[in-house]
Amino acid sequence: MSMRRVWVTGAILAGATAIWAGGIAASSPIPLHQWLAHPHDSWLLAQGKNPNVVQLTLPPLKPLSAVAQLGRKLFFDPRLSGSGKLSCASCHNPGHAFAPANDLSVQLGGDDMRRAGVRTVPSLAYLYRQQNFSIGPDNPANESADLQHLAILGAHAPRAQKTVLDVQTAAANMVPKGGLFWDGRVNTLQQQAAGPLFNPLEMGAGSPDTIVAKLEHAPYAHDFVQLFGPRVFDDPALAVSESLFAISRFQIEDPGFRPFTSKYDAWLRGHARFTPAELRGYLAFNDVHKGNCAACHLDQVTRDGLPPLFTDMQFEALGVPRNPALPANHNPGNFDLGLCGPYRTDLKAQTQYCGMFLTPTLRNVATRHVFFHNGVYHTLSQVLDFYAFRDTRPHKIYPVDSGGRVEKYNDIPLKQRSNVDVSDPPLNRKLGETPAMNMQGMRDIIAFLQTLNDGYSPVKR
Ligand code: HEC
Ligand code: HEC
């Protein structure tokens, strides 16, 4: 402990990164509540400084490979879509952390550009460490085991409460985690890109033949030939699969998908100071009696110096309110239940998972215009109200029926509402209890969330 204190203070006083470069990755992250117990740390923190300065292990900056450069062209090319109007970038706009620029809950697409999607568009940033979908803690046995088998084991395993005081124990829970999309239904970016490309509600590209007819006449057709050989267009399935591969390489290689230029990253490295509101927000985010947000949206550097991604990659049923604005919801019998369907089909028998969605990253979240899988909210303040009032003042969150009864968790069918997480703070409060956060606390947390926007500092490696 005293060693750490000496070099931390030394580094801050000297302001020189060179002194402590090297040894730092080995220093394991000290949970916030532990280091806050030390007067010196609290003293630095009170000035907005990070008492536990770290060096972040960032992915190396390398020029894009030729395949990734082709992938970039494809990513921005609307020609691939059935309507000729939508590219990947239309919904995943690089100027908006790879999410849409508009504030629609779901995007319009399809041949006529009038067909509504069913879920909000997640950011494509910071997926570089996303693990494959599995159930239970990370280990080779779980990754190769049969999901149905693991689900049954999980149903009988005890589940540790998720709190900022002990994220390690919760990481070992026998619960679903990882994968891409809100329901984790695919694992690789390459597999993933086929989804929107052929989805009739999105790009609606038609058949591989239609796509290849367009690729052959695209300005980058010669790139295909150079990379994949002169016969690449003879086999449409192959040409499409090479295209998807190229798009995935672009997302993997381009540093724009993981810039780590937020104020929070600068703060972690000792290059920025929190304002008083940001500091209060950070502490509330990490306070089990207040936000407890960091229990699921992990915010500490890993033992290997990897920067936090603000997700534990686990699935939860938060029971967010139904969004009446979604066209799919005009049918009262329609429910998007995440892990158990309808868009994911392999776990539909595992009804204990109905209503569960992947915990998203909160990096750049303050640049988003819609929140949660169904886009029911349009401001962060509504999101914070949800966490504070869901059970303590549910009439503020859910519709009230003609008999005066609050329709809690109304986006999940009655018989599956017991899946909703009522054990992890702040979602463990009861009707009428004091909410975990007051107005000031919620405003402070929002101030902290704004420090997660990229673009605060230039990329420093
Ligand atoms: C019409 C809007 C739209 C277009 C166009 C679109 N996407 Fe998406 N994208 C979405 C939506 C909506 C989701 C979430 C779907 C879900 O969870 O079921 C998504 C999810 C993703 C994800 C998963 C992200 C995560 O955090 O899990 C990736 C990766 C992705 N899209 C890549 C692409 C690529 C590559 C293209 C172009 C080939 C593309 N998208 C085109 C709307 C779109
Ligand atoms: C028990 C785990 C858990 C805790 C605790 C938690 N979250 Fe979340 N958070 C989630 C999950 C899961 C979702 C996605 C839920 C959905 O869409 O149905 C989510 C979604 C969000 C979103 C929407 C992001 C987006 O891209 O749409 C925001 C913002 C957010 N959380 C902020 C917070 C804040 C602030 C706190 C603390 C007050 C907090 N969360 C506490 C699990 C958690």
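# Exercises on a two-ligand protein chain

Pro-426 sits in the loop that runs between H16 and H17. The model is predicted, and the exercises below start from that loop.

**Exercise 1. The H16–H17 loop**

State which residue Pro-426 is joined to by a cis peptide bond, and decide whether Tyr-409 is buried or exposed.

Solution.
1. Begin with the peptide bond: Pro-425 and Pro-426 are linked in cis, with omega about 0 degrees.
2. Next, place Tyr-409, which also belongs to the loop between H16 and H17.
3. Read its backbone angle: phi of Tyr-409 is near 55 degrees, a positive value in a residue other than glycine.
4. Apply the cut-off for burial, 20 or more other C-beta atoms within 10 Å. Tyr-409 has 26 C-beta neighbours inside 10 Å, so Tyr-409 counts as buried.

**Exercise 2. Backbone geometry in other loops**

Find the loop that holds Pro-342 and the loop that holds Ala-97, and describe the backbone at each residue.

Solution.
1. Pro-342 lies in the loop between strand S5 (315-316) and strand S6 (357-358).
2. The peptide bond leading from Gly-341 into Pro-342 is cis, and its omega is near 5 degrees.
3. Ala-97 is located in the loop between H6 and strand S1 (108-109).
4. Phi of Ala-97 is positive, near 50 degrees, although the residue is not glycine.
5. Ala-97 has 26 other C-beta atoms within 10 Å, and is therefore buried.

**Exercise 3. The chain as a whole**

Work out how the radius of gyration of the protein chain stands against the globule rule for 461 residues.

Solution.
1. Take the secondary structure: the protein chain has 17 helices and six strands.
2. Compare the two values. The radius of gyration is 23 Å and the globule rule gives 23 Å for 461 residues, so the chain is as compact as a globular protein of that length.
3. Add the extents: the C-alpha trace spans about 70 × 65 × 40 Å along its principal axes.
4. Add burial: 43% of the 461 residues count as buried.
5. Add the contacts: among those with a separation of 6 or more, 70% are between residues 24 or more positions apart.

**Exercise 4. Domains and core**

Say which domains give residues to the largest nonpolar core, and where that places the core.

Solution.
1. Write down the assignment: domain 1 covers 66-127 + 184-257, and domain 2 covers 134-177 + 311-448.
2. The centres of domain 1 and domain 2, taken over C-alpha atoms, are 29 Å apart.
3. Their contact involves 17 residues of domain 1 and 24 residues of domain 2.
4. On the side of domain 1 that touches domain 2, eight residues are nonpolar, six polar and three charged.
5. Turn to the largest nonpolar core, which has 97 residues; Ile-247, Phe-285, Leu-384, Ile-412, Met-437 and Ile-445 touch the most other members.
6. Helix H13 (residues 236-253) is the largest contributor to this core, giving seven residues.
7. Domain 1 and domain 2 both give residues to the core, so the core lies between them.

**Exercise 5. Helix H15**

Explain why helix H15 (residues 276-285) is described as largely enclosed by the rest of the structure.

Solution.
1. List the buried residues of H15: Glu-278, Leu-279, Arg-280, Gly-281, Tyr-282, Leu-283, Ala-284 and Phe-285.
2. These are eight of the 10 residues of the helix, so H15 is largely enclosed by the rest of the structure.
3. Ask what covers them: helix H4 (39-46) and helix H17 (439-450) are included in the cover.
4. Check one set of contacts. Leaving aside neighbours within four places in sequence, Ile-445 is in contact with Gly-281, Ala-284, Phe-285, Gly-291, Leu-384 and Met-437.

**Exercise 6. The two ligand shells**

Identify the helix that gives the most residues to the shell around ligand 1, and the helix that does so for ligand 2.

Solution.
1. Ligand 1 has 25 residues around it, and Cys-88, Cys-91, Phe-181, Trp-182 and Pro-196 come nearest.
2. Helix H6 (88-91) and helix H10 (189-198) are the elements that give two or more residues to this shell.
3. H10 gives the most, five residues.
4. By class, the shell of ligand 1 holds 17 nonpolar, six polar and two charged residues.
5. Ligand 2 is surrounded by 26 residues, the closest being Gly-291, Cys-293, Cys-296, Phe-372 and His-373.
6. Helix H16 (residues 380-389) supplies the largest share of this shell, three residues.
7. By class, the shell of ligand 2 holds 16 nonpolar, five polar and five charged residues.

Technical notes. Residues are numbered from 1 along each chain as its sequence is written. Chains are lettered from A and ligands numbered from 1 in the order in which they are written. This is a predicted model: local features need pLDDT of at least 70, side-chain atom pairs count only at pLDDT 80 or more; totals for chains, interfaces and linings use all residues. A residue is near a molecule or strand if its C-beta atom, placed from the backbone, lies within 6 Å of it. Helices (H or I, at least four residues) and strands (E, at least two) are DSSP runs, numbered from the N terminus. Ala, Val, Leu, Ile, Met, Phe, Trp, Tyr, Cys and Pro count as nonpolar, Asp, Glu, Lys and Arg as charged, and the others, Gly among them, as polar. A residue is buried if 20 or more other C-beta atoms lie within 10 Å of its own, exposed if 12 or fewer, and partly exposed in between; C-beta atoms are placed from the backbone. Two residues are in contact if their C-beta atoms, placed from the backbone, lie within 7 Å. The radius of gyration is taken over C-alpha atoms; the globule rule is 2.2 Å times the number of residues to the power 0.38. A nonpolar core is a set of buried Ala, Val, Leu, Ile, Met, Phe, Trp, Tyr and Cys residues joined through C-beta atoms within 7 Å. Domain bounds come from an automatic or database domain assignment.
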